[in-house]
Amino acid sequence: MTERKRQPIVSLWIGTANQGYAPYAMEEIRKVIPGCGFKPLSPGEVFWMESPLDRAATISSLLDSELVFLRHIQPIEASLDAAGDSSDLEKLADVLRGALPFFQGKKAAVHLRKANGAIFSYGASETKAALETVLAEAGGEPSVQHPEAIFSIYASGDKLYAGFATPYDMMSDWPGGAIRFQREEGQISRAKFKLLEAEKTFGLDYSGFTQAIDIGAAPGGWTSLLLERGVKVTAVDPADLHPSLQGHPALRHLKQNASAIKLDKGAYDLLVCDMSWSPMQMSRLVLDLKDALVPGAKAVITVKLMHRKPLQSIREVKERLGTAFVILRSKQLFHNREEITLFAEKK
Ligand SMILES: C[S@@+](CC[C@H](N)C(=O)[O-])C[C@H]1O[C@@H](n2cnc3c(N)ncnc32)[C@H](O)[C@@H]1O
């Protein structure tokens with residue numbers, strides 16, 4: 001019997017994807033870093049990863065390839081045995097002391113994530129309080145907002161995995177990439193968070209657009225965000241929009257199926273689409289409306305992952321839409337459930 005030659009392990013990581021999508025994140029990673037090894041930590045969501053590349057090469061391979069399902073990556077600099085008492089905080093403080101040059105003079109944050117059943121007994125605020133005194137030794141400035149350096153801890157079973165990196169290298173400045181937005185009084189739908197997250201993730205600023213078409217707009221979370229940003233919106237949906245939007249001077253509601261509408265040529269510089277429909281039918285509808293967009297118009301489109309082969313499904317949609325759009329990014333956002341979000345530009 002021939003034994004497959006194992007590659008040497010050079011760096012260790014914790015990867016995170018949306019619940020249920022970790023297998024696809026691993027599949028994507030294997031394609032860009034052949035020889036990576038994995039084991040689940042929180043099944044379907046968080047996994048341990050062994051890379052045959054060093055830290056810098058692993059990060060650049062992962063970031064350059066703009067993976068769809070990997071939401072967050074944390075280096076493991078130390079794997080500690082947790083005791084479930086205050087000695088755990090002392091061990092973490094020792095690891096952090098060894099990393100202080102990295103935090104020198106930077107806005108720094110401490111992130112803690114705990115898997116179910118972890119024996120580490122402290123919560124996020126107690127852990128932060130204990131470690132911020134250590135950060136202060138390096139002249140680091142504790143900061144929740146916009147940190148420049150993060151000390152990240154993942155507690156799982158009787159282990160504590162600790163590492164540090166910039167938010168850019170971890171792919172997020174939120175613990176595990178779980179970005180949160182404040183729910184507003186009278187917010188129409190949770191779907192609004194998806195469009196907000198797309199704005200941040202794709203480096204967009206909706207206030208820079210003039211005329212948007214929102215396909216599958218009801219009850220109106222996305223439409224309301226665009227209106228708040230000063231964009232004029234044509235909302236298309238046979239269903240009613242929320243009463244708070246009715247009569248808005250910058251809103252036109254076409255209460256129809258999107259396949260039945262006629263739009264002026266070149267009238268829109270933004271298309272958003274959140275139809276929650278079969279990806280192929282959604283693609284056909286969007287392509288039918290392409291002439292309404294000016295060249296260079298941007299599009300933010302959710303793609304429902306209907307069956308068991310999401311990577312294939314995404315490839316097919318990208319191929320179809322690619323006839324009229326340049327696909328700039330495809331990413332499963334934290335607020336996406338059984339879907340991903342595409343960011344595209346009209347050719
Ligand atoms: C997930 S909801 C959209 C939520 C919306 N983005 C928000 O922020 O409130 C999907 C919507 O797509 C609409 N829809 C589905 N197929 C459509 C079609 N062919 N034309 C227009 N709207 C459609 C549904 O009526 C439904 O209101």
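In this predicted model, a nitrogen atom of the ligand sits 2.9 Å from a polar backbone atom of Ala258. The protein covers the ligand well, burying 83% of the 600 Å² that the ligand exposes when taken alone. Away from the ligand, the other thing to look at is how domain 1 and domain 3 meet, with about 1,100 Å² buried between them.

**Around the ligand**

- Count the residues surrounding the ligand and you get 20, with Gly221, Trp222, Asp237, Ala258 and Asp274 as the closest.
- That shell is a mix: eleven of its residues are nonpolar, seven are polar and two are charged.
- Asp274 uses its side chain, placing a polar atom 2.8 Å from a nitrogen atom of the ligand.
- Ala218 works through its backbone instead, where an N or O atom lies 3.2 Å from an oxygen atom of the ligand.

**How the chain is divided**

- The domain assignment splits the protein chain into domain 1 (11-70), domain 2 (78-177) and domain 3 (192-346).
- If you go from the C-alpha centre of domain 1 to that of domain 3, you cover 29 Å.
- Eleven residues from domain 1 and 17 residues from domain 3 make up the contact between the two.

**Where domain 1 meets domain 3**

- Carbon and sulfur atoms account for 49% of the area that domain 1 and domain 3 bury between them.
- On the domain 1 side, the residues to pick out are Asn18, Tyr21 and Val68, which lose the most area to domain 3 and together make up 50% of what that side buries.
- The domain 1 residues that touch domain 3 come out as six nonpolar, one polar and four charged.

**Polar links and a salt bridge**

- Six residue pairs are in polar contact across the interface of domain 1 and domain 3, counting pairs with both residues at pLDDT 80 or more.
- One salt bridge turns up across that interface.
- Look at Arg329 and Glu66 for a salt bridge between side chains, with N to O at 3.6 Å. Glu66 falls within the bounds given for domain 1 (11-70), and Arg329 within those for domain 3 (192-346).

Note on methods:
Residues numbered from 1 in each chain as written. Predicted model: local features only at pLDDT ≥ 70, side-chain atom pairs only at ≥ 80, totals over all residues. Heavy atoms only, no water. Domains from an automatic or database assignment. Contact = heavy atoms within 4.5 Å. Buried area = accessible area lost by both parts, 1.4 Å probe. Salt bridge = Lys/Arg side-chain N within 4 Å of Asp/Glu carboxyl O. Polar contact = N/O pair within 3.5 Å; in protein donor to acceptor, adjacent residues only side chain to side chain. Nonpolar A, V, L, I, M, F, W, Y, C, P; charged D, E, K, R; others polar. Near = heavy atom within 4 Å. Areas by Shrake-Rupley, 256 points an atom, 1.4 Å probe, with all protein chains shown as cover.
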